[in-house]
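Colleague: Hi, do you have a moment to walk me through this one? I'd like to go through it piece by piece.

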Amino acid sequence: GPCTECSCSSGKETDKDTINTKKKKNGDQTFIPKIFFGTRTHKQISQITRELKRTAYSSVPMTILSSRDYTCIHPVVSSSGSNRNEMCVELLEGKHGKSCLYYHGVHKLSEHHALQSAHRMNQAWDIEDLVSLGKKLRACAYFAARELMVGADIVFCPYNYLLDPQIRESMEINLKGQVVILDEAHNIEDCARESVSYGVTESQLRAAREELDFMVNNNIRQKDHEALRAVCYSLT
């Protein structure tokens with residue numbers, strides 16, 4: 001016999017159907033979650049994007065979040081040692097009267113991908129592809145990858161971009177209601193431990209101890225600095 005327990009028997013719309021109908025009438029778009037795909041290393045991202053290119057979903061809008069170590073194309077900053085982040089920030093703030101022309105060309109990369117998307121010419125790409133295109137267009141690949149996250153359906157990134165709250169905040173990643181996939185998830189425990197750990201060298205401890213000695217000897221917040229100095233002494 002006919003169903004009598006739900007609205008389909010009487011042809012009435014359920015509350016959910018009514019809401020969806022109203023959304024269609026008002027032209028509102030329903031929320032579509034992004035897929036955040038976390039991996040242990042950048043090399044694994046290269047492998048995954050290579051496989052994605054072979055599937056029917058190769059044209060899906062995507063981006064790859066990575067550090068300046070992999071994406072910076074500024075000739076001076078990219079050739080420097082471990083202080084690339086600091087040098088980049090100084091250029092963006094114009095501290096020494098200079099700015100980064102590659103940062104101001106970010107829109108070139110974003111528009112290039114938007115144009116490809118409009119003509120359905122998208123292809124899954126790797127970090128090296130983005131950097132190569134960035135050099136060709138003289139546009140910053142690091143900030144372009146972040147801009148592409150807005151329209152991306154799939155976001156590839158290392159674990160710590162999803163696990164570390166400070167990185168999530170700086171990269172403006174909101175995981176609420178999104179789909180999160182963690183490749184080789186047995187490595188998550190070590191990654192989470194690393195995210196809340198910090199390593200210092202003995203020379204750094206000795207330098208900190210000298211500065212704290214100066215603070216204590218000159219009565220600058222002596223009570224606070226004495227406790228910190230004691231920690232440095234005990235560690236060294």
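Modeller: Happy to, and let's begin with a salt bridge: Glu202 pairs with Arg206, and their closest N and O atoms are 2.6 Å apart. Keep in mind that this is a predicted model.

Colleague: Where do Glu202 and Arg206 lie?

Modeller: Both sit in helix H12, residues 202-217, and they are four residues apart, about one turn of the helix.

Colleague: And are they buried, partly exposed or exposed?

Modeller: Glu202 is partly exposed, at 45% relative accessibility. Arg206 also counts as partly exposed, at 35%.

Colleague: How many salt bridges turn up in the whole structure?

Modeller: The search finds eight. One of them joins the side chains of Asp69 and Arg84, at 3.5 Å from N to O. Asp69 belongs to helix H3 (residues 68-71) and Arg84 to helix H5 (residues 84-93), so this pair ties together parts that are 15 residues apart in sequence.

Colleague: What about Arg84 itself, buried or exposed?

Modeller: Arg84 is buried, with 16% relative accessibility.

Colleague: Which other charged residues should I look at?

Modeller: Try Arg221 and Asp224, which form a salt bridge with their closest N and O atoms 3.2 Å apart. Arg221 is exposed, with a relative accessible area of 59%, while Asp224 is partly exposed at 41%. There is also a network of salt bridges that links Glu189, Asp190 and Arg193.

Colleague: Let's switch to cysteines. How many disulfides does the search find?

Modeller: Zero, across the whole structure.

Colleague: Why is there no bond between Cys72 and the closest cysteine sulfur?

Modeller: The closest sulfur to that of Cys72 is in Cys88, and at 6.3 Å it is too far for a bond. A disulfide would need the two sulfurs within 2.5 Å. Cys72 counts as buried, at 19% relative accessibility.

Colleague: And Cys191, buried or exposed?

Modeller: Buried, with a relative accessible area of 12%.

Colleague: OK, on to the sheet. In what order do the strands come?

Modeller: The order is S2-S3-S1-S4, four strands in an open sheet with parallel pairing. Strands S2 (62-64) and S4 (179-182) are at the edges with a single partner strand each, so one side of each has no neighbour in the sheet. From one strand to the next, the twist averages 20 degrees.

Colleague: How many bridges join S2 to S3?

Modeller: Three, and the two strands run parallel; S3 covers residues 154-158. If you want a place to look, Met62 has Ile154 in S3 as its bridge partner.

Colleague: Which strands does helix H2 lie across?

Modeller: H2, residues 42-53, lies across S1 (35-39), S2 and S3, and runs at about 155 degrees to S3.

Colleague: One more helix, please. Which residues of H7 are buried?

Modeller: In H7, which spans residues 127-137, the buried ones are Ile127, Leu130, Val131, Leu133 and Gly134. Looking down the helix axis, these fall within an arc of 165 degrees, so they line one face of H7.

Colleague: And which residues are exposed on the other side of H7?

Modeller: Glu128, Lys135 and Lys136 are exposed there.

Colleague: What comes right after H7?

Modeller: Arg138, and its phi is worth a glance: the angle is positive, near 55 degrees.

How values were computed
Residues are numbered from 1 along each chain as its sequence is written. This is a predicted model: local features need pLDDT of at least 70, side-chain atom pairs count only at pLDDT 80 or more; totals for chains, interfaces and linings use all residues. Side-chain values use heavy atoms; hydrogens and water are left out. Two strands pair if DSSP finds at least two bridges between them. Axes are lines fitted to C-alpha atoms, for helices over the stretch in contact, and angles run from 0 to 180 degrees between N-to-C directions. Contact means heavy atoms within 4.5 Å. Buried means under 20% relative accessible area, exposed over 50%, partly exposed in between (1.4 Å probe, protein chains only). The arc is that of the directions from the helix axis to the C-beta atoms. A salt bridge is a side-chain nitrogen of Lys or Arg within 4 Å of a carboxyl oxygen of Asp or Glu.
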